[in-house]
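Visitor: I've got the sequence and the model open. Could you walk me through how the pieces pack?

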Amino acid sequence: MGEIILRYTRGGHTENIHLGDVAVVDTAGNLTDSVGDAYLPMFWRSAAKPFQALPFVKDGGMEKYGITAEELALLVSSHSGEENHVRLVTGILAKLGLTPDALDCGAARPMSGKAFSALIKSGQKPQAVHNPCSGKHSQILALSQMLNIPIEGYIKPEHEAQKIIRRHIAMATRLNEDEVEIGIDGCGVPVFYLPLFNMALAYARLADPQKGAWGEYERAATQIIEAMAAYPQVLSGTGRIDAEVGKITNGRIVAKIGADAVYCLAIRDKAWGVAFKIEDGSYAAVTPAVIAVLKRLKVLTAKEENYLDEKFPPLLKNHRGDIIGTIEYDICRDCGEHRA
């Protein structure tokens, strides 16, 4: 059973609570901290994307198609559909000799409100390139072409590229393949069901690929985490918590969202991986939950913590802009004031 992560107040009284579960794991597989059920099984959603790219990167896909580190960050992103994101997706597909018509993720409105407004004002409709998962789909198309696998039906669980990706998800999380159950994600591809502990373990291994004992995959894991760290806005979007955490820590902490309030972090200087799930799936709860977890772990400097508090104040406002309540970080009540 999850514990209270966040408490929303109004008039000095608790009005809403968000329950959650958190796992913090090191590269050796030790559970260093937890809240609620660290072994809660859950769909990994888009937080799995860095590991879905492992076979493409390891087998020379970047070199074969001239993929840059910025483009790699896009391949593992949940992007906001901003101009640079669309440009990168289109450019990657062109390097593959494909057009956006090859994407089978479905059209989706940009996550960025500004990007969506600009699209509407220009008289255009959302397309597949605006889908936050279009980078992942481009990566699967690239993997298929690199291995001479037909791209038709690439989103299906029985497609050979999807079978390869599932094997690599199992390897990254140190599970047997039959322990990794699948469902279908919002963008149509298989999504993986596994314990939060194993998600966090994969991120710990990614945080420090040398300590993570990746073997022949160490170079690929290093390329992926370095790209994520170097291009947080590409990985996410302007003003989002993922991008802001990566930016203010200069890539020391890499953050990756998944749908329905699954979230993962790589704390690189500690070689820790973090995975959490807000049990009601609230997207609005994700940003304060990320800040709460980081404060609990004491991995932010005072300057970084203050920046996040100012950027994302834990306050509730009404339509007039009046402050009418607070967001309390319940899991930090006994954490003290010490910061890294």
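**Helices on a sheet**

Visitor: α9 lies across β4 and β6, so to speak, but at what angle does α9 run to β6?
Guide: Picture α9 lying across both β4 and β6. Helices (H or I, at least four residues) and strands (E, at least two) are DSSP runs, numbered from the N terminus. Axes are lines fitted to C-alpha atoms, for helices over the stretch in contact, with angles from 0 to 180 degrees between N-to-C directions. Relative to β6, then, α9 runs at about 105°.

Visitor: What kind of model is this, by the way?
Guide: Residues are numbered from 1 along each chain as its sequence is written, and side-chain values use heavy atoms, with hydrogens and water left out. Local features need pLDDT of at least 70, side-chain atom pairs count only at pLDDT 80 or more, and totals for chains, interfaces and linings use all residues, since the model is predicted.

Visitor: What is the order of the 3 strands in the open sheet?
Guide: Start from the edges: β4 (41-43) and β5 (181-184) each pair on one side only, where pairing takes at least two DSSP bridges between two strands. β4 pairs with β6 (residues 190-195) over 3 bridges, and β5 pairs with β6 over 4. The pairing is antiparallel, and the order reads β4-β6-β5.

Visitor: Which residue in β6 is the bridge partner of F43?
Guide: On the β4 side, P41 stands opposite P195 of β6. Over on the β5 side, E181 bridges to Y193. F43 has its bridge partner in β6 too, and that is Y193.

Visitor: What angle does the direction of α8 make with that of β6?
Guide: Neighbouring strands of this sheet are turned by 30° against each other on average, direction ignored. α8 packs on the sheet and touches β5 and β6 (contact means heavy atoms within 4.5 Å). Its direction and that of β6 make about 20°.

Visitor: How many of the 6 residues of β6 are buried?
Guide: Buried means under 20% relative accessible area, exposed over 50%, and partly exposed in between (1.4 Å probe, protein chains only). By that yardstick β6 is mostly covered, and the count of buried residues is 5.

Visitor: At roughly what angle do the axes of α8 and α9 cross?
Guide: The axes of α8 (residues 160-173) and α9 (residues 196-207) come within 8 Å. That pair counts as roughly perpendicular, because the class takes 65 to 115 degrees (under 35 is roughly parallel, over 145 roughly antiparallel, the rest oblique). M171, A172 and T173 of α8 meet N198, L201, A202 and R205 of α9. The crossing is at roughly 80°.

**Buried spots and odd phis**

Visitor: What relative accessible area does E71 have?
Guide: E71 lies in helix α4 (residues 69-75). Leaving out residues up to four places away in sequence, E71 touches G66, L88, I92 and K95. E71 counts as buried because its relative accessible area is 7%.

Visitor: How far is the nearest cysteine sulfur from C105?
Guide: With a disulfide taken as a pair of cysteine sulfur atoms within 2.5 Å, the count comes to 0. C105 is in none, and the nearest cysteine sulfur, that of C187, is away by 6.7 Å.

Visitor: What is the positive phi of A261, which is not a glycine?
Guide: A261 is found in the loop between β7 (253-258) and β8 (262-267). A261 is buried, at 3% relative accessible area. Its positive phi is about 65°.
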